[in-house]
Amino acid sequence: MTCVRSALRLLKSARDSSAISPLLTFKRTVAHFKYFEDASIPKNGETARINMFQAITEAMDHSMESDPTALLFGEDVAFGGVFRCSVGLQKKFGPERVFNTPLCEQGIAGFAIGAAVAGSTAIAEIQFADYIFPAFDQIVNEAAKYRYRSGGQFECGKLTIRTPCGAVGHGALYHSQSPEAYFAHTPGIKVVVPRGPLKAKGLLLSCIRDKDPCIFLEPKILYRGAVEEVPKDAYEIPLSQAEIVVPGDQVTMIGWGTQVHVLCEVAEMAKEKHNISCEVIDLCTILPWDEDTVYKSVSKTGRALISHEAPLTCGFGSELAASIQENCFLSLEAPVSRVTGFDTPFPHIFEPFYLPDKHRCLDAVLKLVEY
Amino acid sequence: MVLSRICNGLRKQKAVDLPSIVAKNAFASDASFTTKPYKLHILTDGPKTEAVVTSEDALKFYRQMQVIRRLETAAGNLYKEKIVRGFCHLYSGQEAVAVGIKSAMRDQDSIISAYRVHGWTYLMGISPAGVLGELTGRFSGCAKGKGGSMHMYAKNFYGGNGIVGAQVPLGAGVALASKYQKDGGVCFALYGDGASNQGQVFEAYNIAKLWSLPCVFVCENNGFGMGTSMERSSASTNYYSRGDYIPGIWVDGMDVLAVRECARYCIDYCTSGKGPLVVEAATYRYSGHSMSDPGTSYRTRDEVQEVRQTRDPITSFKEKILSTGLATQEQLKAIDGEVKKEIDAATVQAKTDPEPSAEELTVDISKHFVEKEIRNCTPFNPLKHKNVSKQFIQT
């Protein structure tokens with residue numbers, strides 16, 4: 001909290017000084033998190049230091065190579081996509097397999113579902129998660145229910161929809177949202193969020209090969225901002241399995257995507273400044289989520305903090321909080337805490353205030369312990 | 001473009017020796033130009049191909065197009081300096097479309113467009129400082145710095161919209177309201193060649209025709225939907241005919257006068273109760289789709305250069321009005337100087353004006369609220385729900 005106030009003071013002083021010198025303008029260039037490299041590197045085979053968009057390219061490359069039915073399409077993907085995730089793939093696999101679509105998200109989802117139902121592995125890209133809403137009907141009513149409503153005679157499990165999500169520092173209203181909770185309300189699909197290159201490659205390969213339709217939400221700030229060692233070979237990371245990123249025994253902190261890194265830093269701060277031991281869990285898969293890991297941890301620590309960029313009300317944290325209190329009630333030492341984006345549209349210049357940054361999370365940790 | 005001067009009324013000059021001025025520097029009060037032929041879809045008569053323009057209007061159009069061009073250059077520079085964050089889509093190359101349509105619009109007419117709207121915002125009455133201030137997130141911006149590039153509004157300008165194609169059905173709705181309220185207004189719903197493939201565009205076409213709405217669907221065809229050329233994205237690139245049962249007009253969107261004639265025709269057509277029209281304005285964007293797109297991976301630099309040299313809406317208009325004596329070099333130079341000064345001043349203002357206060361973060365989210373305070377705003381606890389801004393239309 002004090003930091004937010006000092007940020008406000010900084011803004012104010014930047015304004016005041018700019019009144020003196022018109023050339024001095026306040027600029028915000030620092031990311032709101034520190035990247036923690038993934039320590040869970042599989043031991044097998046050769047690795048290379050790559051960023052997240054390259055890891056995603058590799059995953060799609062492996063899929064296209066090993067699966068001749070696989071198709072990759074979306075807006076501008078033929079040229080590599082706006083975030084460069086499909087660079088070189090059209091050249092390698094040809095325009096019959098990697099191609100641009102018109103700007104029509106409902107159509108993209110529809111074509112992908114149709115292709116998947118008919119036996120092709122369909123990897124569709126929606127250019128920003130904020131643009132996925134025209135495709136919402138197709139995903140929720142067609143993809144998610146195909147298996148059920150045909151009595152198991154048809155399904156579109158070979159469908160994976162990839163889309164960049166989350167805060168990026170300057171994305172404003174329509175390039176920053178995290179829509180995971182909307183989709184988590186839909187039985188029949190899977191929703192997965194990686195926290196870096198290593199997870200992105202393994203989880204995306206799992207999604208593509210999974211027998212249910214998957215929404216793969218890629219935190220866009222990590223595309224270039226996250227770099228770590230990633231195996232060159234193909235590998236899968238099981239879905240619906242959360243990972244304990246930092247072990248601890250006093251507070252359980254649950255997040256996904258970029259927010260995991262914020263929580264890792266909070267765990268460090270809590271340890272150093274307050275000698276509080278926090279356990280950080282990366283949920284990895286939002287739907288269906290790993291209840292065992294979460295309940296086991298909260299039963300041990302007695303305190304739970306859930307943090308996500310999306311707004312509070314009906315964010316996926318709501319589901320976690322309700323489930324935790326139901327299943328860990330007798331172990332809880334304090335009410336489950338949620339530190340999230342505000343219940344406002346994702347703001348343009350107010351992004352630093354809106355985001356559930358490390359200071360807000362640390363404050364919540366202290367309250368949990370002091371309860 | 002064929003030039004045919006029909007009328008050369010002499011302007012009243014201060015100079016004493018009129019005859020020599022006439023000989024060397026003929027000042028005309030108006031002139032007529034022949035536009036490129038329009039292409040028509042299920043229409044028998046189209047807009048006038050002879051466009052008469054007065055000297056006063058010519059100077060106004062020139063000035064407006066120059067302001068937009070310079071405004072966009074300033075916006076691009078501010079973005080490169082990282083003072084504009086977020087998204088930024090530039091209109092350079094397409095100025096004639098907006099200026100042409102605006103010149104035909106009456107007080108009761110309205111527009112709605114997508115995310116390339118800095119120029120439109122200016123034409124609809126926002127100062128360059130209001131546009132640039134919005135981009136830099138200043139309180140003096142036209143949406144108090146809360147929207148940024150894609151979210152700009154003014155009276156009868158229902159916005160900027162960041163979602164491709166989403167504004168088109170809204171435009172039909174605005175036209176429905178005009179028809180119902182009998183205000184005689186026509187709504188121009190603008191979108192690009194990329195957005196023309198969104199399903200909701202066709203839903204809007206159907207309803208607009210079914211209910212004979214006074215709506216002009218304007219496809220600003222700049223050749224590329226993001227990085228995909230129209231040939232690669234559209235089964236039919238005759239966007240003016242894609243309304244099928246809705247009559248359509250193709251117009252040279254690089255010619256401000258042709259666009260004006262076309263818009264005048266559309267207003268006459270819609271106000272006579274004949275229902276909607278689809279217009280395709282053929283134009284070109286010099287910049288990439290957005291600032292993150294250099295705009296060179298899907299077209300050659302030569303292509304852009306060639307359009308700049310042969311079809312530029314400002315240069316070609318300048319040549320026309322100079323050769324017909326509607327304006328002098330000196331007048332245009334003076335306008336250029338004024339525009340530069342105005343945009344430079346607006347740029348400084350956009351860098352130095354105060355940002356909105358933190359309380360703006362939570363105002364104007366909804367009109368009626370049960371909770372007085374926003375949930376979860378711990379840092380500035382309590383931040384209140386509030387309505388502070390005046391709406392253009394009171395509901």
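# Reading a two-chain model

Mentor: Let's start with chain B: the C-alpha centres of its domain 1 and domain 2 lie 33 Å apart. Keep in mind that this is a predicted model.

Trainee: Thanks! Where do the two domains of chain B begin and end?

Mentor: Domain 1 of chain B runs over 37–356, and domain 2 of chain B over 360–395. An unreviewed UniProt entry also places "domain: Dehydrogenase E1 component" on residues 63–358 of chain B. That span is 45% helix and 10% strand, with its end C-alpha atoms 38 Å apart.

Trainee: Why is Ile42(B) called exposed?

Mentor: The cut-off for exposed is 12 or fewer C-beta neighbours within 10 Å. Ile42(B) has 11 inside 10 Å, so this residue counts as exposed. Ile42(B) sits in the loop that joins strand S3 (39–41) to strand S4 (50–54) of chain B, and its phi is near 40 degrees, a positive value in a residue other than glycine.

Trainee: And why does Ala172(A) count as buried?

Mentor: Here the cut-off is 20 or more. Ala172(A) has 25 C-beta neighbours inside 10 Å, and therefore counts as buried. Ala172(A) also has a positive phi, near 60 degrees, without being a glycine. Look for Ala172(A) in the loop between strand S5 (159–165) and H7 of chain A.

Trainee: How do you know that the buried residues of H11(B) are on the same side of the helix?

Mentor: First, the list: in helix H11 (residues 313–323) of chain B, the buried residues are Pro313(B), Ile314(B), Phe317(B), Lys320(B) and Ile321(B). They cover an arc of only 130 degrees around the axis, so they lie on the same side of H11(B). Just after H11(B) comes Gly325(B), which takes a positive phi of about 75 degrees.

Trainee: What makes the length of H14(A) agree with that of a helix?

Mentor: Helix H14 (residues 358–370) of chain A has 13 residues, and at 1.5 Å a residue it should span 18 Å. The expected span uses one less than the number of residues. The end C-alpha atoms of H14(A) are 18 Å apart, so the two values agree.

Trainee: Which residues of H14(A) are buried, and what covers them?

Mentor: Lys358(A), Arg360(A), Cys361(A), Leu362(A), Ala364(A), Val365(A) and Leu368(A) are buried in H14(A). Their cover includes helix H10 (258–274) and strand S11 (278–282) of chain A.

Trainee: How is chain A divided, and what links the parts?

Mentor: Chain A has domain 1 (47–231) and domain 2 (243–370), with C-alpha centres 26 Å apart. Their contact takes 23 residues from domain 1 of chain A and 22 residues from domain 2 of chain A. On the domain 1 side, H7(A) gives the most, with four residues. By class, that side has 14 nonpolar, five polar and four charged residues.

Trainee: What makes the peptide bond from Leu287(A) to Pro288(A) stand out?

Mentor: That bond is cis, with omega near -10 degrees. Pro288(A) lies in the loop between strand S12 (285–287) and helix H11 (291–301) of chain A.

Trainee: Last one: how many residues of each chain take part in the contact between A and B?

Mentor: Chain A gives 40 residues and chain B gives 45 residues. On the side of chain A that touches chain B, the largest share, six residues, comes from H1(A). By class, that side has 21 nonpolar, 13 polar and six charged residues.

Note on methods
Residues are numbered from 1 along each chain as its sequence is written. Chains are lettered from A and ligands numbered from 1 in the order in which they are written. This is a predicted model: local features need pLDDT of at least 70, side-chain atom pairs count only at pLDDT 80 or more; totals for chains, interfaces and linings use all residues. Two residues are in contact if their C-beta atoms, placed from the backbone, lie within 7 Å. Helices (H or I, at least four residues) and strands (E, at least two) are DSSP runs, numbered from the N terminus. Ala, Val, Leu, Ile, Met, Phe, Trp, Tyr, Cys and Pro count as nonpolar, Asp, Glu, Lys and Arg as charged, and the others, Gly among them, as polar. Domain bounds come from an automatic or database domain assignment. The arc is that of the directions from the helix axis to the C-beta atoms. UniProt positions are given in the numbering used here, feature names are shortened, and annotations may be inferred rather than shown by experiment.
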